[in-house]
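Me: I'd like to learn how to read helix packing and empty space in a protein model. Can we look at one together?

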Amino acid sequence: MNYSFWEKYFIESPADITIIGAGIVGLSTAISIKESRPDLDVKIIERSCSPNGASTKNAGFSCFGSVSELLDDIDQNGESACMEIVRMRWHGLKKLTARVTPLHLEYQLAGGTELFDKNNNVVQEHYADQISYLNQLMDDHLGIQTCYSIQPNKMLNAFHDKCIFNSHEGIINPVSMMNQLYRIAVHAGIHILFGHNITEIDTKNHILTTANQLKINYKHLIVCTNGFTQRLLPDLDVYPARNQVLITKPLKDNPLHSGYHFDKGYIYFRQYQGRILLGGGRNMDIAGETTDTFGHTAIIQDYLTDILDRIYPGASGQIECWWSGIMGVGPSKRPVTDWIDDYTLTGVRLGGMGVAIGSYLGDQLAEKIVQKL
Ligand SMILES: Cc1cc2nc3c(=O)[nH]c(=O)nc-3n(C[C@H](O)[C@H](O)[C@H](O)COP(=O)(O)OP(=O)(O)OC[C@H]3O[C@@H](n4cnc5c(N)ncnc54)[C@H](O)[C@@H]3O)c2cc1C
């Protein structure tokens, strides 16, 4: 790249706050900072020509937890830790829908359905038995009454004939969401610099080195690189988790009407304009999917196409496109919002529900950094 003096000067000069990563967290954080302190100069540095991690590649579920996922989480981390995360997701969704209109999100409050193995009554009954306990938790923590209910599953014969329905969940178009956040950010005066891959953070001298050898100075820094964080901050407990996704062409009499989760959320599918979007299955090859490289593997593709044909026989012959996205995961579902030093904050490890948590986290990070100034 042949930079003029003007370009180099603009790119390398320190803003009041510099953010690495223009995903939902980077954009939401920048917008929240400007909402509370319009006088601050905020710059986002993004490596690609558009956001290139998970925020524009996800499935677009605006969800906050299926019964099996939450019970698993309670088992592993305890009730209060689990509900703290659920609260973040719930408030994040409220914030997102307040910031971006439902029309711009292509939001549909279609509900979320958790499906179970056709022949496994024991598993289905185990989760069904816990519904009143979880409904009480949702009422106590979120003020939602009768969040989950058991419903007959009449349409999807490959699964158990009873499912669990959550009427408070919805679906969105993630690119419409990100386009709107981008517009809000630009309108607020935030500078978004695309095409600058940060290869090193020099926390001593407050300098970011880019792949094309620019030296970007910063005063305060927020790292919002989620699944790619290990490349910059290898000591953080955040690991990449690739997710492969497919979408079919529009299908006649598509039986889907909401968002669906199966196998503790490892499998998810929904409809979009008559198509079936289906993704996940990384539990089939955890080692292979622990990567921040986009791509596909036969093991996951075969697994997903098999499930697709169970949902809609013959649909595997109607696949329109495949893609993948990279999430950031770790030992806990709690995002890492720690200070690396007095000037560097992180906002990473969003897991599989960043659409929900992203806006909440943006508010939290903005509050933390503005207090420091
Ligand atoms: C396939 C898939 C399906 C999903 N489905 C859902 C869903 O239905 N509902 C839901 O709530 N969540 C879902 N998620 C999770 C959700 O998408 C993420 O949690 C969320 O988008 C994370 O946002 P982020 O801003 O933290 O990260 P990202 O969106 O990954 O943004 C990080 C940004 O940082 C940039 N970056 C990285 N390294 C550098 C660097 N060195 N220099 C400069 N820039 C850099 C990247 O290019 C990227 O744009 C899904 C994720 C995937 C992968």
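Me: What is the handedness of the crossing of α4 and α7?

Reply: Two packed helices are described by the angle between their axes and the distance between the axes. Handedness adds a direction: a crossing is left-handed if the near helix is turned anticlockwise from the far one by less than a right angle, and right-handed if clockwise. Here, α4 and α7 cross in a right-handed way. Bear in mind that this is a predicted model, where local features need pLDDT of at least 70, side-chain atom pairs count only at pLDDT 80 or more, and totals for chains, interfaces and linings use all residues. Residues are numbered from 1 along each chain as its sequence is written, and side-chain values use heavy atoms, with hydrogens and water left out.

Me: At what angle do α4 and α7 pack?

Reply: About 60 degrees, with the axes of α4 (residues 79-99) and α7 (residues 131-142) 11 Å apart. Axes are lines fitted to C-alpha atoms, for helices over the stretch in contact, and angles run from 0 to 180 degrees between N-to-C directions. Angles under 35 degrees count as roughly parallel, over 145 as roughly antiparallel, 65 to 115 as roughly perpendicular and the rest as oblique. So α4 and α7 are oblique to each other.

Me: Which residues make the contact?

Reply: With contact meaning heavy atoms within 4.5 Å, α4 brings Glu-79, Met-83, Val-86, Arg-87 and Trp-90, while α7 brings Tyr-133, Leu-137, Met-138, His-141 and Leu-142.

Me: How do α2 and α8 cross?

Reply: Helix α2 (residues 24-36) and helix α8 (residues 174-187) have axes that come within 10 Å and cross at roughly 30 degrees. That makes α2 roughly parallel to α8. Their crossing is left-handed. Ile-24, Leu-27, Ser-28 and Ile-31 of α2 are in the contact, with Met-177, Met-178, Leu-181, Tyr-182, Ile-184 and Ala-185 of α8.

Me: And empty space: what is the volume of the largest cavity?

Reply: Rolling a probe the size of a water molecule over the atoms shows where empty space is left. On a 1 Å grid over the protein atoms alone, a cavity is a set of points where a 1.4 Å probe fits but cannot get out, and lining residues have an atom within 4 Å of a point. Grid points are joined across faces, edges and corners, and a volume is the space filled by probe spheres set on the points. The largest cavity comes to about 50 Å³. Its lining includes Gly-65, Thr-113, Phe-165 and His-261, and β4 (112-115) and β6 (162-166) each supply at least two of the lining residues.

How values were computed
Helix = DSSP H or I, 4+ residues; strand = E, 2+ residues; numbered from the N terminus. 1 Å grid on protein atoms, 1.4 Å probe; cavity = no way out; pocket = protein on both sides within 12 Å on 5 of 7 lines; lining within 4 Å.
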